[in-house]
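Reader: I should like to go through this chain with you, one question at a time. Please give the reasoning before each result.

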Amino acid sequence: LRLQHPIMPGGNLRYQGKEAGDLTSVALSPRLAVIGLGYVRTVAATPGTIVQLPDGSDAEVIELPFAQ
C-alpha cells in the first residue's frame with residue numbers, strides 16, 4: 001500500500017464502505033515515501049485500487065515488490 005502519511009499499523013482497511021482487510025505494518029522508505037503491508041481482500045486487491053485506512057485517509061494498493 002502507498003500511504004499519504006505515516007500512521008500506526010493495525011486496524012481494518014475499508015473499500016466501498018465495507019471491511020476489506022487489515023493494515024499490518026507501516027514503514028518510511030527513502031525512495032517510496034510511506035508504504036504499508038497488510039492483508040487485502042480480493043475485491044480490493046487490484047493495483048491502483050484506493051482503500052481507506054483506519055484513520056480515514058486513503059491508500060493506494062500497489063503491486064509487490066515495491067521496487068525492482
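Reader: Is Glu19 buried, partly exposed or exposed, and what is its relative accessible area?

Author: The model is a predicted one. Buried residues fall under 20% relative accessible area and exposed ones over 50%, with partly exposed in between. Glu19 therefore counts as partly exposed, its relative accessible area being 35%.

Reader: With which residue does Glu19 meet in a salt bridge, and at what N to O distance?

Author: The partner of Glu19 in the salt bridge is Arg41, at 4.0 Å from N to O. This pair links distant parts of the chain, with Arg41 in the loop between E4 and E5 and Glu19 in strand E3, 22 residues apart. Arg41 is partly exposed, because its relative accessibility is 45%. The residue asked for is Arg41, and the distance is 4.0 Å.

Reader: How many salt bridges does the count come to, and which residue forms one with Arg2?

Author: The count comes to two salt bridges. In the one formed by Arg2, the closest N and O atoms are 3.8 Å apart, and the partner is Glu60. That pair too links distant parts of the chain, Arg2 being in strand E1 (residues 2-3) and Glu60 in strand E6, 58 residues apart. The answers are thus two salt bridges and, for Arg2, Glu60.

Reader: Why does Glu60 count as partly exposed?

Author: A residue is partly exposed if it lies between the limits of 20% and 50% relative accessible area. Arg2, the salt-bridge partner of Glu60, is partly exposed at 38%. Glu60 is partly exposed because its own relative accessible area is 27%.

Reader: Over how many bridges do strands E2 and E3 pair, and in which sense?

Author: Strand E2 covers residues 12-15 and strand E3 residues 18-29. Within this pairing, Tyr15 stands opposite Lys18, and Leu13 has Gly21 as its bridge partner. The two strands form a hairpin with two residues between them. E2 and E3 pair over four bridges, and the sense is antiparallel.

Reader: Which residue in the turn between E2 and E3 has a positive phi, and what is the approximate value?

Author: The residue lies in the loop between E2 and E3, and its positive phi occurs in a residue other than glycine. It counts as exposed, because its relative accessible area is 64%. A polar contact of 3.4 Å joins its side chain to that of Tyr15. The residue is Gln16, with a phi of about 50 degrees.

Reader: What distance separates the C-alpha atoms of Tyr15 and Ile50?

Author: Tyr15 lies in strand E2. Leaving out residues up to four places away in sequence, Tyr15 touches Ala20, Val43, Ala44, Thr49, Ile50, Val51 and Gln52. Tyr15 and Ile50 are 35 residues apart along the chain, and their C-alpha atoms are separated by 7.4 Å.

Reader: How many bridges join E3 to E4?

Author: E4 comprises residues 33-40 and runs antiparallel to E3. The hairpin formed by these strands has three residues between them. One of the bridges pairs Ala27 with Ile35 in E4. The number of bridges joining E3 to E4 is eight.

Reader: Which residue's backbone nitrogen lies 2.9 Å from a polar atom of the side chain of Ser29?

Author: Ser29 is found in strand E3. It counts as buried, because its relative accessible area is 18%. The backbone nitrogen at 2.9 Å from its side chain belongs to Leu32.

Reader: With which side chains does Ser57 make polar contacts?

Author: Ser57 is found in the loop between strand E5 (50-52) and strand E6 (58-60). It counts as buried, because its relative accessibility is 13%. Beyond four places in sequence, Ser57 touches Gln4, His5, Val51 and Gln52. The side-chain polar contacts are with His5 at 3.4 Å and with Asp55 at 2.6 Å.

Reader: How many residues does the largest nonpolar core have?

Author: Its members include Leu3, Ile7, Leu13, Leu23, Leu53 and Ala59. Leaving aside neighbours within four places in sequence, Leu53 is in contact with residues including Leu3, Ile7, Leu13, Leu23 and Ala59. The number of residues in the largest nonpolar core is 12.

Notes:
Residues numbered from 1 in each chain as written. Predicted model: local features only at pLDDT ≥ 70, side-chain atom pairs only at ≥ 80, totals over all residues. Heavy atoms only, no water. Core = buried A, V, L, I, M, F, W, Y, C linked by side-chain atoms within 4.5 Å. Buried < 20%, exposed > 50% of the residue type's maximum accessible area, 1.4 Å probe, protein only. Contact = heavy atoms within 4.5 Å. Polar contact = N/O pair within 3.5 Å; in protein donor to acceptor, adjacent residues only side chain to side chain. Pairing = 2+ DSSP bridges. Salt bridge = Lys/Arg side-chain N within 4 Å of Asp/Glu carboxyl O.
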